[in-house]
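Okay, thanks everyone for coming. Have a look at the screen and I'll talk you through this one.

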Amino acid sequence: MKAIILAGGNGTRLRPLTHCLHKTVLPVFDKPMIYYSLELLAESGVRDVCIVVSRGFASVYLQLLGSGSEFGLNLTYKIQDEALGIAHAIDQCRSEIEGDDCIVVLGDNLFDRGFNVKDVVTNFETGCELFFKEVHDPERFGVPTLDGKKVLKITEKPEQPDTNYACVGLYIFDKDLFTHIDTLEPSARGEYEVTDLNNIYISNGLARANFYDGFWIDAGTHDSLLKANQYFYSLSN
C-alpha cells in the first residue's frame, strides 16, 4: 500500500496567515501541521508517500521535508495547479499510485496521537475504508446515512443531516480508485468531490465504515487551528 497526503488548496479560510505561508506548514503546538499526517502514516507501516502541494509552494515542502528519511518515509511531490477538489488532487498522484492500494490523508485533518490505522491497513483487501466521527455540527461535512453500521450514502454538507457523524479526512482505496475517478463529473461548485468517489464504492457495496471516537479536527479555520494547538499543547503537560 502507498499513501497520499493532500496539502494543496488555497487556504482561504485561514487568511491572512496563508498569504505567504501554506496551510499545512503552519505550526500546531511544536511542529508544522503536516508532520502529524507523516507520523500517522509512518506508524501505519506505509513507506511510499506522495504529497500533493499547491503551485508556488513546492520549494517550501522540499526544504521542510526533503526525501522523508527523517520519518522513515520515501516522499514524492506532485503539484496541483488549480484547486479542483479532493478527487482531482488524488488524481495528480496517478503515476505514483496507480496499481496499488492507497491511504489518503487530508493534511489539515489532525487526529489523536494514539490513533492507529495500522490494523486497518494490514487487513485491507478491497473496496474502501471510510472513517466517521460523531460531531456537533455535521452539516459542515460529508454526512453518512446509516443502516446500523452499513453506509447507504454520503451527503456533502446537508442542510438537514441524517446522522451526527462526519466523514473525516482519511480514506483507504483499492486499486480501482483511478478507474472510478475517471467517471466523475464536476459538482455544482465545479469540483471533483471525494464524496462522489466514496458513493461509487458505497453503491457497489464495497465501502466499510470505521467509527472513530478519539480527537479529530479539521484545522482549516482560525478557530479550529487554535483548538488544535490547545489540544496538542495540553498533551505535553
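Let's start in the middle of things: I103 has I172 in β11 as its bridge partner. That contact belongs to β6 (residues 102–106) and β11, which pair in the antiparallel sense over four bridges. When I say paired, I mean that DSSP finds at least two bridges between the two strands. And strands here are DSSP runs of E, at least two residues, while helices are runs of H or I, at least four residues, all numbered from the N terminus.

Quick word on where this comes from: it's a predicted model, so local features need pLDDT of at least 70 and side-chain atom pairs count only at pLDDT 80 or more, while totals for chains, interfaces and linings use all residues. Residues are numbered from 1 along each chain as its sequence is written, and side-chain values use heavy atoms, with hydrogens and water left out.

Now, what else does I172 in β11 pair with? It is also the bridge partner of E129. There we're looking at β8 and β11, antiparallel again, with six bridges. E129 stands opposite R208 in β12 as well, and β8 (residues 128–134) runs parallel to β12, joined by five bridges.

Zooming out, we get an open sheet of seven strands with mixed pairing, in the order β5-β4-β1-β6-β11-β8-β12. β5 (74–80) and β12 (207–211) are the edges; each has a single partner strand, so one side of each has no neighbour in the sheet. On average, neighbouring strands are turned by 25° against each other, direction ignored.

Helices pack on this sheet too. Helix α2 (residues 58–65) touches β1 (2–7), β4 (48–54) and β5, and its direction makes about 170° with that of β5. Helix α7 (residues 194–203) touches β8, β11 (165–173) and β12, at about 70° to β11. Contact means heavy atoms within 4.5 Å, and the angles, from 0 to 180 degrees, are between N-to-C directions of axes fitted to C-alpha atoms, for helices over the stretch in contact.

So how covered is β11? Eight of its nine residues are buried, meaning under 20% relative accessible area with a 1.4 Å probe, protein chains only.

Last thing, cysteines. How many disulfides does the structure hold? Zero, where a disulfide would be a pair of cysteine sulfur atoms within 2.5 Å. The sulfur of C93 has its closest cysteine sulfur in C50, 3.2 Å away, so that's too far for a bond. C93 is buried, at 0% relative accessibility. For C167, the closest cysteine sulfur is in C128 at 8.6 Å, again too far, and C167 is buried at 10%.

Terms used
Buried < 20%, exposed > 50% of the residue type's maximum accessible area, 1.4 Å probe, protein only.
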